[in-house]
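Q: I would like to learn how to read unusual backbone angles in a model. Could we go through some together?

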Amino acid sequence: MGRILGVQGGVIARKQALVAGLDDNDLERLLRRRELSPVHPGVYVEHTGAPTWLERAWAAVLFHAPAALAGPSALRLHRAGARLADPVTVDDPIHVVVATGRRLNPPAGVRLHRVTRFDEVVLGHLGPPRVRVEHALLAVASAARSEAGAVAVLADGCQQGLTTPGRLTAALATNRRLPRRQLLLSVVDETAAGVRSVLEHRYRSRVELPHGLPTGQRQRRVRLGRSTAYRDVEYRGPGVGRGLVVELDGRLGHEGALDRWADLDRDLAATLAGDLTVRLGWGQVMARCRLAAAVARLLLARGWQGRPRPCCPGCDVTDLP
């Protein structure tokens with residue numbers, strides 16, 4: 001039994017204890033001596049204090065076995081502290097997934113979900129078992145309070161190397177009943193195009209596309225001496241004219257003094273290469289029509305051969321010469 005407790009973070013199910021050679025009398029004695037205490041019916045932890053989040057996670061999976069952590073509970077273990085969702089506390093519900101068709105009554109503190117293709121989406125060899133990171137990310141994004149929250153979850157997941165747009169698309173193809181599925185598909189498409197933040201998504205979807213601006217190249221890698229940088233949006237090439245770089249300061253990582261120096265180094269390098277850099281924040285992107293008109297003027301002055309279009313009556317783009 002000690003080996004099982006060690007592997008499972010100090011949690012064991014009654015069935016496991018019986019297989020390990022104990023009987024119900026042994027379990028009663030351990031409970032009486034307070035060497036074990038119940039978390040759920042038939043699931044025990046090896047102390048009498050309040051269980052930790054991980055102990056609660058193990059207990060929820062064992063109580064519903066075969067089961068796996070899902071959504072934010074799975075993501076907490078996949079992301080190892082990355083900024084992908086709201087902070088998780090010890091009292092937050094544990095999200096667990098089981099195969100479709102099983103009739104179970106989850107105990108207090110557990111949110112139960114059902115999924116088809118259970119064996120395909122679950123990583124049963126991990127401890128505790130959890131759904132694949134793509135399915136965890138999509139579940140959290142689909143339940144986000146806003147479109148911006150959904151964008152942040154998926155964009156951060158890709159930016160941090162936990163998954164790729166291709167794997168997210170494949171996971172979406174197997175889950176056609178996921179809430180807000182069409183929104184998530186569009187977010188994944190934008191992530192594949194290079195969008196890496198909520199502000200970049202807002203710029204592309206509310207400034208660039210509806211106003212007929214040329215499609216910028218996203219996250220182009222450039223060398224700055226011995227270091228490497230990525231430009232958020234870059235306009236250049238036939239029909240677009242001389243280079244215009246748009247940097248969007250809406251992500252974590254642009255607040256500190258060292259980051260500001262890195263931003264300045266990028267802007268200087270772009271200027272020396274003959275490019276013009278415009279650095280924008282939330283205030284500019286929220287005034288989308290005014291910003292579209294300003295970017296259009298810059299593009300036209302640098303040789304863009306196209307013309308912007310107004311997105312609505314009264315759009316600032318209408319007044320361009």
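A: Gladly; we will look at peptide bonds and then at phi angles in this predicted model.

Q: What should I expect of a backbone in general?

A: Most peptide bonds are trans, and most residues other than glycine have a negative phi. Let us look for departures from that pattern.

Q: Which kind of peptide bond joins Ala-65 to Pro-66, cis or trans?

A: That bond is cis, and its omega is near 0 degrees. To place Pro-66 in the fold, look at the loop between α4 (53-63) and β4 (68-69).

Q: And what is omega for the bond that joins Gly-127 and Pro-128?

A: Omega there is about -10 degrees, so this peptide bond is read as cis too. Pro-128 sits in the loop between β7 (122-123) and β8 (130-131).

Q: Now phi, please. What is the sign of phi at Arg-117?

A: Positive: phi of Arg-117 is near 55 degrees, and this residue is not a glycine. You will find Arg-117 in the loop between β6 (110-115) and α6 (118-121).

Q: How accessible is Arg-117?

A: Its relative accessible area is 46%, so Arg-117 counts as partly exposed.

Q: Where does Arg-180 lie, and what is its phi?

A: Arg-180 belongs to the loop between α9 (165-173) and α10 (181-192). Its phi is near 60 degrees, again a positive value outside glycine.

Q: Why does Arg-180 count as partly exposed?

A: Because its relative accessibility is 30%, and partly exposed covers the range between under 20% (buried) and over 50% (exposed).

Conventions. Residues are numbered from 1 along each chain as its sequence is written. This is a predicted model: local features need pLDDT of at least 70, side-chain atom pairs count only at pLDDT 80 or more; totals for chains, interfaces and linings use all residues. Side-chain values use heavy atoms; hydrogens and water are left out. Helices (H or I, at least four residues) and strands (E, at least two) are DSSP runs, numbered from the N terminus. Buried means under 20% relative accessible area, exposed over 50%, partly exposed in between (1.4 Å probe, protein chains only).
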